[in-house]
Amino acid sequence: MEMEKKAHHVLVVPYTSQGHYNPMHQFSKRLVSKGLKATLVVTHFISKSMKPNPLGSVQIDTISDGCDAGGFAQAETIKDYLTRLETAGSKTLAELIVKYKDTASPVDCIVYDAFLPWVLDVAQQFGIGGAAFFTQMAAVNYIYYYAQHKLLPLPVVSTPVMIPGLPPLELRDMPSFIYVAGSYPAYFEMVLSQFSNANKPPSILMNTFYKLEEEVVDAMSKLCPLLTIGPTIPSIYLDKRLQNDNDYGLNLFQLDSSRPINWLNSKPPRSVIYVAFGSMANLSEKQMEELAYGLKRTNFHFIWAIRASEEAKIPIEFKQEAPNKGLIVNWIPQLEVLSNEAIGCFFTHCGWNSTIEALSLGVPMVAMPQWTDQTTDAKFVEDIWKVGVRVRVDENGIVGREEIESCIVKVMEGETGGEMRKNAEKWKKLAVEAVSEGGTSDKNIDDFVSTLVSSS
């Protein structure tokens, strides 16, 4: 059986951003641990941008997104990029399949990011099976399913929105493409298209774990059967079964590693606020100012990870004073930071990767969502999982420094903060159980592998 599984080759095709590469790369490592061969497919531009070029159990190969010289920045608009990605990606993916056809490892299956449903069309041209991989939480995907199938009339004109398996949702709890009607139409079309062929792939994979979204998964499974296979973070932070799996291994930004970790190691347990807004968030100068002085008002130590392109928005006076209480860095190893005992609170945009990392490591959160799925993630952080608080936005769309200070203090201090930490530890334990041998996610990955083997 082991030899039989080793012959099976899975191509894994993510959408072209850091937040999609990470979970699909980690899932690829799990497939390799089950005896399969996995090849992560990145674009030519991304391949040239990776820091460092990942090595290890997962092979890397490339296709074109039609923007080989500059990636997304080369396209004129979001729609232009997505069109180029589909056109060039379909052609070069087909060429990649042909390249492997007469080797010892022909492609048996393609696991594709649900943002890229056209990948399944290419696979089926060659008689190859496919599985859709949803990188966002099940609740968000469930809302999009309802919208795509017109079970949720848009625009939303009355609240609360009631969907079986979900808590009552106010407008601000919905994904931003629904919350702010008409925003980012190309992206909204893309997230709805995830379900355009949901009845075709034999497997739908969700980057979550069953206990985390039990009611959602049960309800959604009645409409489109799915397998929960998360959390997809390096094994060293969970079950520790995958040898040398201690980081994501694929970075599109230069890491700043030793300085922040050494700084954290000098601080007392649960004394530091970690602030990060991911690889895409773009805060206004006013919001950056309020965040900076909100942090200052708390008088806690802080470490603030901010992309180099955004750093100029931080007030100069604050940057000059920062060394007294905090550290401002660029791209850092987030899991290594979150797992450090000095961290007492994660001030986050609530992107799904960041959210599930914090849950898996037992870190309570202050949620300041920006767009897309983050608003719904924040709803669950505060009201369902009870591991954090969500900031309130004023009439000008800004979160003021007083609100920032108040939310941080709630999480860092007192009875409320203690309850959040207790809940966070509970989810940490359940996350580890999910991927450990015999856990729900581990069993679901086994089921996926068994289906692949039996169908070949």
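Guide: Let's start with a word we'll need: a residue is called buried when its relative accessible area is under 20%. And keep in mind that this is a predicted model.

Visitor: What makes helix H6 largely enclosed by the rest of the structure?

Guide: Count the residues that pass the under 20% test. Helix H6 covers residues 138-148, and 10 of its 11 residues are buried, so the helix is largely enclosed. The buried ones are Ala138, Ala139, Val140, Asn141, Tyr142, Ile143, Tyr144, Tyr145, Tyr146 and Ala147.

Visitor: Which elements do the buried residues of H6 pack against?

Guide: Strand E5, helices H7 (176-179), H8 (185-193) and H9 (214-221), strand E6 (203-206), and H15. Just after H6 comes Lys150, with a positive phi near 60°.

Visitor: H15 brings us to Thr372. Why is Thr372 called buried?

Guide: Thr372 has 10% relative accessibility, and the cut-off is under 20%, so Thr372 counts as buried. That's for a loop residue, by the way: Thr372 is found between strand E12 (365-367) and helix H15 (374-384).

Visitor: What is Thr372 in contact with, leaving aside its neighbours within four places in sequence?

Guide: Gln136, Tyr144, Pro175, Ser176 and Phe177. Contact here asks for heavy atoms within 4.5 Å. Tyr144 is one of the buried residues of H6. There's a long-range pairing in the trace too: Thr372 and Tyr187 are 185 residues apart along the chain, yet their C-alpha atoms are separated by 8.9 Å.

Visitor: How do you know whether Phe448 is buried or exposed?

Guide: Exposed would take over 50% and buried takes under 20%. Phe448 has 4% relative accessibility, so it is buried. Phe448 lies in helix H18 (residues 440-455) and touches Phe27, Leu31, Cys109, Val111, Ala131, Ser203, Leu205 and Leu227, not counting residues up to four places away in sequence. Pro202 sits 246 residues from Phe448 in sequence, but 9.2 Å away in space, C-alpha to C-alpha.

Visitor: And what covers the buried residues of H5?

Guide: The cover includes strand E1 (9-13), helix H4 (78-101), strand E4 (109-113) and strand E5 (129-134). Helix H5 runs over residues 118-125, with Trp118, Val119, Leu120, Val122 and Ala123 buried. After H5 comes Gly127, whose phi is positive, near 70°.

Visitor: Zooming out, what makes the protein chain as compact as a globular protein of its length?

Guide: First, the inventory: the chain has 18 helices and 13 strands. The globule rule gives 23 Å for 456 residues, and the radius of gyration is 22 Å, close to that value, so the chain is as compact as a globular protein of that length. The C-alpha trace spans about 65 × 50 × 45 Å along its principal axes, and 59% of the residues count as buried.

Visitor: Where are the domain bounds, and how many residues does each domain bring to the contact?

Guide: Domain 1 takes in 9-249 + 437-455, and domain 2 takes in 257-431. Their C-alpha centres lie 27 Å apart. The contact takes 36 residues from domain 1 and 30 from domain 2.

Visitor: What share of contacts joins residues at least 24 apart?

Guide: 68%, among contacts between residues at least 6 apart in sequence. As for charge, there are 42 positive and 52 negative side chains, and the centres of the two sets lie 2 Å apart.

Terms used. Residues numbered from 1 in each chain as written. Predicted model: local features only at pLDDT ≥ 70, side-chain atom pairs only at ≥ 80, totals over all residues. Heavy atoms only, no water. Helix = DSSP H or I, 4+ residues; strand = E, 2+ residues; numbered from the N terminus. Rg over C-alpha atoms; globule rule 2.2 N^0.38 Å. Buried < 20%, exposed > 50% of the residue type's maximum accessible area, 1.4 Å probe, protein only. Lys, Arg positive; Asp, Glu negative; His and termini not counted. Charge placed at Lys NZ, Arg CZ, Asp CG, Glu CD. Domains from an automatic or database assignment.
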